[in-house]
Amino acid sequence: MKKILIVGSGIAGLSCAIHCAEAGMEVTLVSPFPSERAQSVLAAGGINAVLKEGNDSIQSHIEDTLRGGLDIAGENAVRGLCESAPCIIEWLEKLGTVFSVESDGTVARRSFGGQSHARTCYCGSSTGKQIVSALVMEARRYEGLGQIHRLLWRDFYSALILDGVCYGAILYNESTQKTEIIRADYVVIATGGQNALFGRTTGSTLCDGYASGKLFMQGVELKNLEFIQYHPTTLQTDQKKMLISEAVRGEGGRLYYMDAGQRVYFMEQKYGERGNLMPRDVVSRCIEETGRDVYLDISFLEERVIKKRLPEVYELCLKYRGIDITKESIPVEPSVHFFMGGIAVKNNHETNIQNLYAIGECASIYHGANRLGGNSLLAAIYSGKVAASDMAERTGSTTGSEQDVGSRKTARLPDFQSEFDQSMDHLARLRESKSSFPVMYIRDMLAECMQDNLGIVRSEDRLLEGVRDITYYLSIADRINYDNSELIYFAYSLSGILTLAKATYMCALSRRESRGAHFRSDHPETDDTNAFATIISYDEGKYTTRLDRTGEYEK
């Protein structure tokens with residue numbers, strides 16, 4: 001039986017685990033916390049699918065996705081995503097996902113930015129939470145059958161890679177404060193985006209990008225890191241940037257600022273009736289350009305409609321800011337929300353390292369230069385399914401048991417004992433560190449550096465300033481201290497996170513044009529001769545970028 005190791009138990013990881021179990025494979029699903037605490041539960045707006053052709057069509061969904069991504073997503077990958085969407089909605093319903101419905105019992109759909117039709121299915125404004133609940137219950141069924149094994153309180157430490165092949169991973173056990181090896185035929189990374197690089201965002205700082213950064217240092221190529229989506233409508237609170245779902249604008253919400261006592265509906269003035277539903281990168285830049293306080297108004301809808309269709313948004317604004325959205329406008333501002341860039345994967349979601357896959361937000365494949373709202377949940381589920389299907393179809397095994405090796409009983413597969421010993425030594429050195437550089441201070445400085453220099457509008461001067469800061473932080477990353485053993489993960493993960501941050505800057509510097517979520521004030525035009533993905537690789541401290549004209553990652 002093939003052994004699959006999945007790192008991360010959000011929607012992408014759960015989808016992959018369930019589909020692997022369905023195919024008769026044995027899954028080890030690891031994460032630091034239960035799935036109910038994953039980033040996925042924060043997804044509010046919905047999931048895209050064309051449920052009946054009519055005026056809408058799957059081809060239109062494909063075209064909207066490619067156009068929204070500024071034509072650098074792979075067409076074959078996007079086609080597979082959009083064509084599978086109706087079946088995914090049906091599958092989710094069978095698992096118990098409770099979608100909002102119309103009066104005739106059909107799944108309700110709302111309009112989202114950048115889309116030519118209303119095709120976003122939703123569960124009120126807590127779609128992610130509903131989907132996670134359904135997938136958790138299905139995963140538990142396979143846990144009961146012994147096909148899925150959950151390991152909690154484990155963090156990724158490094159992959160076991162030799163000669164371009166992945167054989168498993170080293171994990172950090174938070175309970176024992178030691179590392180442990182798990183061998184597997186295939187390893188799947190489903191660790192989400194890199195919110196912690198930017199500090200306070202709409203997402204969970206549990207998603208810090210360390211796994212991507214560490215794998216990058218181990219030879220895994222990354223892609224399109226310069227494309228960072230700023231969600232245009234978030235609410236500032238003492239705790240974090242709270243997402244004001246695109247569902248509010250999908251229900252008719254209007255953006256405005258005040259000028260001489262009058263409301264100026266700037267998006268409608270610039271783009272017409274559907275101006276509030278322009279793609280997120282466009283809306284975010286327009287808000288930035290106003291230089292004013294911007295508000296989102298939905299109060300013109302009946303109170304019962306708001307409370308029925310946007311209950312979570314109503315409760316969020318009331319709880320955290322005392323704003324009654326049935327009577328008052330919401331003060332909003334853009335915030336880092338989603339990462340189109342990440343681990344470079346082929347259409348089967350395998351990386352450039354054999355037997356190592358990446359799925360969900362940590363993988364860069366479907367969204368190009370800008371993601372359409374409603375496509376992230378779809379991509380998370382679909383990518384898990386695609387990876388599981390590819391692993392199921394493959395032959396051979398790398399775990400090294402006599403049964404797996406078959407007649408090659410004399411075959412000597414790597415045991416990685418030295419790498420495991422090095423990981424233990426590394427943790428021991430960190431515990432003995434007496435440096436004056438506190439790890440949490442450096443992480444705070446990193447977030448400030450990223451927010452200041454990789455914002456909605458960028459320039460070469462600011463990007464180079466960011467590179468200089470990150471280079472300095474990297475020079476002291478191995479000489480840090482931490483307050484207690486509970487922070488050991490923050491200590492060992494710092495180098496990987498900083499390396500990923502520097503790679504992001506290098507990608508942004510290399511793209512000398514403006515495209516989607518990457519806007520350069522010194523290169524404001526879009527250069528269609530550069531309508532390719534940015535690939536970046538790492539070798540002993542050297543960062544090398546290239547445009548993917550070979551088609552290795554499709555486009």
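**Figure 1. Two elements, β12 and α8, share in lining the largest cavity of this predicted model.** Strand β12 (228-236) and helix α8 (280-290) each bring at least two residues to the lining. Of the contributors, α8 gives the most, with 3 residues. If you would like to find your way around the lining in the structure above, look for Ile-228, Tyr-230, Asp-281, Ser-284, Arg-285, Ile-456, Gly-516 and Ala-517.

**Figure 2. The cavity itself holds about 50 Å³ of space.** The structure has 1 cavity of 30 Å³ or more. What kinds of residue surround the space in the largest cavity? The lining divides into 4 nonpolar, 2 polar and 2 charged residues. A handy reminder for reading this view: rolling a probe the size of a water molecule over the atoms shows where empty space is left.

**Figure 3. Arg-280 is a buried residue of helix α8.** The relative accessible area of Arg-280 is 6%, and the cut-off for buried is under 20%, so Arg-280 counts as buried. Which side chain makes a polar contact of 3.0 Å with that of Arg-280? The partner is Gln-229. Setting aside neighbours within four places in sequence, Arg-280 is also in contact with a series of other residues, among them Tyr-230, His-231 and Pro-232. Further contacts of Arg-280 include Phe-112, Glu-246 and His-337, as well as Asn-370, Arg-371 and Gly-373.

**Figure 4. Strand β8 is largely enclosed by the rest of the structure.** Take a look at residues 165-173, which make up β8: 9 of the 9 are buried, and the strand is therefore largely enclosed. As a general guide to such a view, side chains in a regular strand alternate between the two faces of the sheet.

**Figure 5. Strands β7 and β8 run antiparallel and form a hairpin.** Here β7 (residues 154-162) is joined to β8 by 8 bridges. To line the two strands up by eye, start with Leu-162, which stands opposite Val-165 in β8. The hairpin has 2 residues between its strands, and Asp-163 in the turn has a positive phi of about 50°.

**Figure 6. A hairpin also links β8 with β9.** Strand β9 spans residues 178-183 and pairs with β8 in the antiparallel sense over 6 bridges. A useful landmark is Gly-168, which stands opposite Arg-183 in β9. How many residues lie between β8 and β9 in this hairpin? There are 4, and Gln-177 in the turn has a positive phi of about 60°.

Methods. Residues are numbered from 1 along each chain as its sequence is written. This is a predicted model: local features need pLDDT of at least 70, side-chain atom pairs count only at pLDDT 80 or more; totals for chains, interfaces and linings use all residues. Side-chain values use heavy atoms; hydrogens and water are left out. On a 1 Å grid over the protein atoms alone, a cavity is a set of points where a 1.4 Å probe fits but cannot get out, and a pocket is an open set with protein on both sides within 12 Å along at least five of seven lines; lining residues have an atom within 4 Å of a point. Grid points are joined across faces, edges and corners, and a volume is the space filled by probe spheres set on the points. Ala, Val, Leu, Ile, Met, Phe, Trp, Tyr, Cys and Pro count as nonpolar, Asp, Glu, Lys and Arg as charged, and the others, Gly among them, as polar. Buried means under 20% relative accessible area, exposed over 50%, partly exposed in between (1.4 Å probe, protein chains only). Two strands pair if DSSP finds at least two bridges between them. A polar contact is a pair of N or O atoms within 3.5 Å; within protein, one must be able to donate a hydrogen and the other to accept it, and residues adjacent in sequence count only if both atoms are side-chain atoms. Contact means heavy atoms within 4.5 Å.
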